[in-house]
Amino acid sequence: MKRIAVLTSGGDCSGMNAAVRAVVRAGLASEVEVIGIQKGFQGLIDRLYEIMSTKSVSNILQRGGTFLQSARCAEMKTEAGLQLASENLKGMGVEGLIVIGGDGSLIGGYAIHRKGIPVIGIPASIDNDIPFTDMSLGVDTALNNIVSAVDNLKDTASSHDRAFVVETMGRNCGYLAVVATIAAGAEYSLIPEEPYDLEKICADLRRRYREGRSNSIIMVAEGAGKAQDIADQIKDRIGFETRVIVLGHYQRGGSPTVFDRLLAARFGQAAVENLLKGNYGKMVGLQASNIILTGLEKVVSSDHREIDPMLALLAKQLSI
Ligand code: F6P
């Protein structure tokens with residue numbers, strides 16, 4: 001291959017810039033020209049791209065978001081859009097494509113692959129719901145953002161005997177809420193994967209209040225309900241005054257952690273290496289510290305990644 005392309009798609013996350021940098025530099029090191037497609041799949045349809053040099057990706061490693069920009073592109077879900085995107089890629093002389101994004105983006109990448117363009121996917125989404133990888137890019141940074149926010153909330157909560165209901169992102173996956181519960185020492189995580197009993201939660205919180213605890217934190221994954229609704233239901237029933245925080249897009253930004261920078265470097269390099277070796281139609285992933293490859297067809301036709309039951313149990317055991 002003489003020319004490959006890279007794009008970032010779907011919801012941005014920290015580490016995307018570091019992954020683009022790794023793709024560009026690993027490509028150039030193998031004497032392959034790399035072009036950066038702007039605004040995700042939309043840029044493929046609108047032919048928005050630039051030829052990357054080693055300088056184009058200098059000083060971006062430490063930045064959150066994506067300098068190539070991203071978009072959620074409805075046109076890519078149509079046959080006409082897909083056809084146009086593939087023809088444009090061929091017209092640009094692109095022989096291989098690296099797609100950095102979440103589950104929807106990997107579906108798009110697989111569809112392009114089926115149109116005859118070799119594709120490798122890099123899993124990047126704070127939700128950590130993509131199967132066949134222990135961690136997606138951006139998850140660790142998002143968790144650090146959440147934990148730092150909860151640490152701050154605990155300071156103010158304990159000054160007033162308050163409970164905070166904290167809503168995390170994650171779409172239909174409760175991973176962020178569960179891991180943040182363990183790492184920030186919250187009392188509960190309400191997640192879409194498990195039913196919860198608000199009566200029991202209120203009884204536990206009342207007990208904590210009677211024991212003289214100064215605060216309580218209830219994490220709610222967005223797929224499990226709205227923090228405000230939960231707060232309205234527990235208000236006046238637990239002793240603690242109640243406040244609500246929806247962390248929202250705050251979780252997605254910020255400088256990537258070392259974990260995400262290293263993962264981005266390893267994913268980016270492995271994506272280029274395998275594309276050039278002819279191992280395409282695959283997604284790179286992390287399993288037990290090793291970089292592995294899984295067929296894109298298998299990735300997009302499998303259920304979302306499940307939360308390790310041991311983590312859910314740990315969150316419960318440590319929050320009594
Ligand atoms: O998939 C990543 C994610 O941040 C989800 O956690 C969230 O539900 C969604 O994207 C938000 O999407 P948008 O950025 O389009 O508001």
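A residue counts as buried when its relative accessible area is under 20%. The model used in these exercises is predicted.

**Exercise 1. Place Gly65 in the fold and decide whether Gly65 is buried or exposed.**

Step 1. Locate the residue. Gly65 sits in the loop between strand 3 (49-51) and helix 3.

Step 2. Apply the cut-off. The relative accessible area of Gly65 is 16%, so Gly65 is buried.

Step 3. List the neighbours. Leaving out residues up to four places away in sequence, Gly65 touches Asp12, Cys13, Ser14, Met16 and Asn17. Two of these names return in Exercise 2: Met16 and Asn17 are among the buried residues of helix 1.

Step 4. Check a distant part of the chain. Pro256 is 191 residues from Gly65 along the chain, yet their C-alpha atoms are separated by 9.4 Å.

**Exercise 2. Test the length of helix 1 (residues 16-29) and find what it packs against.**

Step 1. Work out the span. The helix has 14 residues, which should span 20 Å at 1.5 Å a residue. One step fewer than the number of residues is counted, because the expected span is 1.5 Å times one less than that number.

Step 2. Compare. The end C-alpha atoms of helix 1 are 20 Å apart, in agreement with the expected value.

Step 3. Judge the burial. Of the 14 residues in helix 1, 10 are buried, so the helix is largely enclosed by the rest of the structure. The buried set includes Ala18, Ala19, Val20, Ala22 and Val23.

Step 4. Name the partners. These buried residues pack against strand 1 (3-8), strand 2 (33-37), strand 4, strand 5 and helix 9 (258-277).

Step 5. Look past the end. Just after helix 1, Glu31 has a positive phi of about 60 degrees.

**Exercise 3. Repeat the analysis for helix 4 (residues 103-114).**

Step 1. Check the length. Its 12 residues should span 16 Å, and the end C-alpha atoms are 17 Å apart, which agrees.

Step 2. Pick out the buried residues. They are Ser105, Leu106, Gly108, Gly109, Tyr110, Ala111 and Ile112.

Step 3. Find the cover. It includes helix 2 (40-46), helix 3 (79-91), strand 4 (96-101), strand 5 (119-123), strand 10 (282-287) and helix 10 (296-301).

Step 4. Look past the end. Gly116, just after helix 4, takes a positive phi of about 100 degrees.

**Exercise 4. Describe how helix 7 (residues 198-210) meets helix 8 (residues 227-234).**

Step 1. Set the geometry. The two helices pack at an angle of about 65 degrees, and their axes are 10 Å apart. The crossing is right-handed.

Step 2. Name the contacts. Helix 7 contributes Leu198, Cys202 and Leu205; helix 8 contributes Ile230, Gln233 and Ile234.

Step 3. Classify them. The contact has 5 nonpolar residues, 1 polar and no charged.

**Exercise 5. How many disulfides does the structure contain, and where do Cys73 and Cys173 stand?**

Step 1. Search the whole structure. The result is 0 disulfides.

Step 2. Take Cys73. The nearest cysteine sulfur is that of Cys13, 18 Å away, and Cys73 is in no disulfide. A disulfide needs the two sulfur atoms within 2.5 Å. Cys73 is buried, at a relative accessible area of 12%.

Step 3. Take Cys173. Its nearest cysteine sulfur also belongs to Cys13, 14 Å away, and Cys173 is in no disulfide. Cys173 is buried too, with a relative accessible area of 4%.

Terms used
Residues are numbered from 1 along each chain as its sequence is written. This is a predicted model: local features need pLDDT of at least 70, side-chain atom pairs count only at pLDDT 80 or more; totals for chains, interfaces and linings use all residues. Side-chain values use heavy atoms; hydrogens and water are left out. Axes are lines fitted to C-alpha atoms, for helices over the stretch in contact, and angles run from 0 to 180 degrees between N-to-C directions. Helices (H or I, at least four residues) and strands (E, at least two) are DSSP runs, numbered from the N terminus. A crossing is left-handed if the near helix is turned anticlockwise from the far one by less than a right angle, and right-handed if clockwise. Contact means heavy atoms within 4.5 Å. Ala, Val, Leu, Ile, Met, Phe, Trp, Tyr, Cys and Pro count as nonpolar, Asp, Glu, Lys and Arg as charged, and the others, Gly among them, as polar. Buried means under 20% relative accessible area, exposed over 50%, partly exposed in between (1.4 Å probe, protein chains only).
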